[in-house]
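Trainee: I would be grateful for a close look at a single part of this model, namely one of its chains. Please describe how that chain is built and how far its prediction may be trusted.

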Amino acid sequence: MTWISQHWQTLTALTIVTATLVVFLIRAIRHRKTPGCGHNCGCAKK
Amino acid sequence: MAFTTELERDSALNLSQAAVGCEFQVKQLDGPGCKQLREIGFCEEMRVRKVSNGRNLVCAMCGTRLALSRELAEQVLVTAV
Amino acid sequence: MSTGDEHPIPKVALVGHPNVGKTTLFNQLTGERRKVGNYAGVTVEKISATIYTPHGHQMELVDLPGTYSLTPSSPDERVTRDVLLGDLDGEESPQLVISVVDASSLERHLPLTLQLIELGLPVIVALNQVDRAEAKGLRLNPQVLTDELGVPVVACQATSGKGIVQLKQALRFPLPPASERRWKGNAAVEHAIADLTKQLESQGLERPEAHALQLLGESDYRTQAQPHLSRVAQAAALDVAADLIKQNHNPEEEISALRSQTIRRAISAAAHEMGDEGETFSDKIDRVALHPIGGWTLFAAIMFAIFWSIFRFAEVPMGWVEAGVGFIKDKVGGMLPEGDLNSLLTDGIIEGVGAVVIFLPQILLLFFLIGLLEGSGYMARATFLMDRVMARVGLSGKSFLPLLSGYACAIPGVMATRSISSNKQRLLTILVLPWQSCTARLPVYAILIPLLIPSILGQTTMMFFIYFLGTGTALLVAWLLSKRIGIGEAAPHFLLELPPYRLPDFGYVFRHVIDRGLAFLKKAGSLILGIVIILWALGTYPKAPEGESQFDHSAMGCIGNFLEPVVKPLGWDARLGTATLASFAAREVFVSQVAVSFAIEEDEDDEEAFRDQIRSAIKTSEKPDGSPAYPPLVVLSVLIFYIYALQCLPTTAVVQRETKSWKWALAQLAGMSIFAYLAAFIVYQGGTFLGF
């Protein structure tokens, strides 16, 4: 217990960092999965 | 009353050639850009005044000023009033 | 206030030309409450608000993007057409359409109104700008116009609030019935319309007659693939159209001519023109503004005034932001004992987010000034003047505004390209936009330029030169790319309306500015928050034992050492390499990374002293052999790199969204990075060779 109370700041910080990484990964995967609407719907090169 | 003969059409004045400062009446829209022209308001019988020349010219019509490219203006056939 | 029923809330759409005063009318009707959202699958904003009729019924009012006709020539206009036809996913077609027209220009505005009536939706015409029309000597009779068009016509002057009450009253329940098509073609055309309508109906297409009229009236709608229309429907339309053509009837021309006839008849019945159209006040101004010499002089003066204002007036609020960030940092830092979380919050998050927020004043100011230019009508003249230059390099005059916005921030600049009709020109503009030196590069310039040139005058000249270099390269590359992208696409024609000069609607401008600011904060801010957290982690772990440099020991330092051989040819070392790599996420990070690597503590109260510390650390740093580690040539090579590199992941994300193509977004990122590397390489090696 004392180890945790000594190092709680580090642990919290690391949790936040990990959470951030996870959020980024999820966003990246989601962007890949929805690739827009194919052709002729904006300005991809014709 | 668009042009009826080829001769009339070939010898007609287009907006690009028209003189600056004078009033004209649109006779016909002739060319691939006429769809775009119609949408922004050009139509037969309409009065147009040419305001300036250049690569893009300016004309006045129905209370507004419009700027259009020379190629487009060449597709608007007009007669002097 | 009863909404009444189990019925869903009716949707009312405002439709009209771009400059007609739609938004002013929207604000008058909604009391300036609005929600900004998105349409599914497209990057066009949806602006809507809830209103209550005088009888207490709830309605949703939607301000659709301005369009000249239901034949779209840009993504914005396509959305308007698709929403009205009920084709856009997730959007029902509206229950009622308010067609906003300019009373002094009916011939130009009524064609769209007719098309709206042909959609088979209930239409109310808001005859706007009646006061201006009367001032010009035009007398209009709304009742006669109502009779001619078959739909209620309400006269109003949105800017003064006149007619708004009457317009709201026209929104009574039950909604006015849909009107009928006002023209009848000859037998062949009518037969074709009826035939196609029946075919579309049997295919289960909603609003068959509205679609039939669109398909026959516009050949592009028939021939080009539409995301929301089935191939079967188009095939049917193509057949019917082909039949008509065989009988010597051109559907587009005839339908167009029929509409024009109807309009002319309506106008001659309802309007009496008095007096002639002489030179207006706007014309007088345009004598100068559009003049080849006078116009350019005026343009240059206005541009200069804008940039001067931004740099001059943004300083004070920027100081407030800095002070604010420092204050928050102290407070939060004081709440926790020393430790990692404390460091993450203060040095990481607050610092990082503060680095983004500090640009807000400049961005807001630039958008405010741009908003004034647009609102006053001058922007159209600037676009006109710039078209000449832009067309030479393969861009459009309409690229001017996005490129100008890029000086503040590329993100809103990229979004502003939606008004460019040509896909090729739009793509080119987006691709070169990040070379407009944005505000994020300024902290880097502020550190590096004084190291090269001591005098203030010299520094200002250098800044000017840097902006010039960025823009010049952008135009040059646009020109080169235009030869290789999208060849064969028909060259678009320049066609632009020059609205009369008027006093800008300040309420609209302010709202516009706030929207842009919030968009910037949300998009850029959220991504940077995440990046800053990760960077903090890379710099803090693994922890260095007592006495050793934390930077060298951390993950970041290791990456830096790894990078050293890559950046050596540019004259850089691991420290610069790491700082630059980190700043690919966000340029502002360069400064804090360099500071961290020198173990310099940021002093919130004195930004200038902080920068001086960094500069002197750079100047006095020595290589093992005693020679300066960062001589001016190296500083220059870093500077050149920053001018050209695309170091803003939020921008890449927005480019992907706007082009709907990862290929272009990543190609842009890779291409600009390589370009920057080569430029820095040439500068450093070339300079060394020449003996600098």
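**Chain B in detail**

Mentor: Chain B contains 3 helices and 6 strands. This is a predicted model, and the description that follows should be read in that light. Read from the N terminus, the elements of chain B follow the order α-β-β-α-β-β-β-α-β; the series thus opens with a helix and ends with a strand.

As to contacts, consider those in chain B between residues at least 6 apart in sequence: 58% of them join residues at least 24 apart. Of the 81 residues in chain B, 57% are buried, that is, under 20% relative accessible area. The accessible surface of chain B amounts to about 3,400 Å², and carbon and sulfur atoms account for 52% of that area.

Confidence comes next. Chain B has a mean pLDDT of 77, and 84% of its residues reach 70 or more. Among the elements of chain B, the lowest mean pLDDT, 62, belongs to helix α1 (residues 6-10) of chain B, whereas the highest, 85, belongs to helix α3 (residues 70-73) of chain B. Where pLDDT is low, the predicted coordinates should not be read in detail.

Chain A may be set beside this account. Its secondary structure consists of 1 helix and 0 strands, and 15% of the 46 residues of chain A count as buried. Chain A exposes about 3,600 Å², with carbon and sulfur atoms supplying 69% of that surface.

Notes. Residues are numbered from 1 along each chain as its sequence is written. Chains are lettered from A and ligands numbered from 1 in the order in which they are written. This is a predicted model: local features need pLDDT of at least 70, side-chain atom pairs count only at pLDDT 80 or more; totals for chains, interfaces and linings use all residues. Side-chain values use heavy atoms; hydrogens and water are left out. Helices (H or I, at least four residues) and strands (E, at least two) are DSSP runs, numbered from the N terminus. Buried means under 20% relative accessible area, exposed over 50%, partly exposed in between (1.4 Å probe, protein chains only). Accessible areas come from the Shrake-Rupley method with a 1.4 Å probe; for residues, only the protein chains shown count as cover. pLDDT is the predictor's confidence in each residue, from 0 to 100. Contact means heavy atoms within 4.5 Å.
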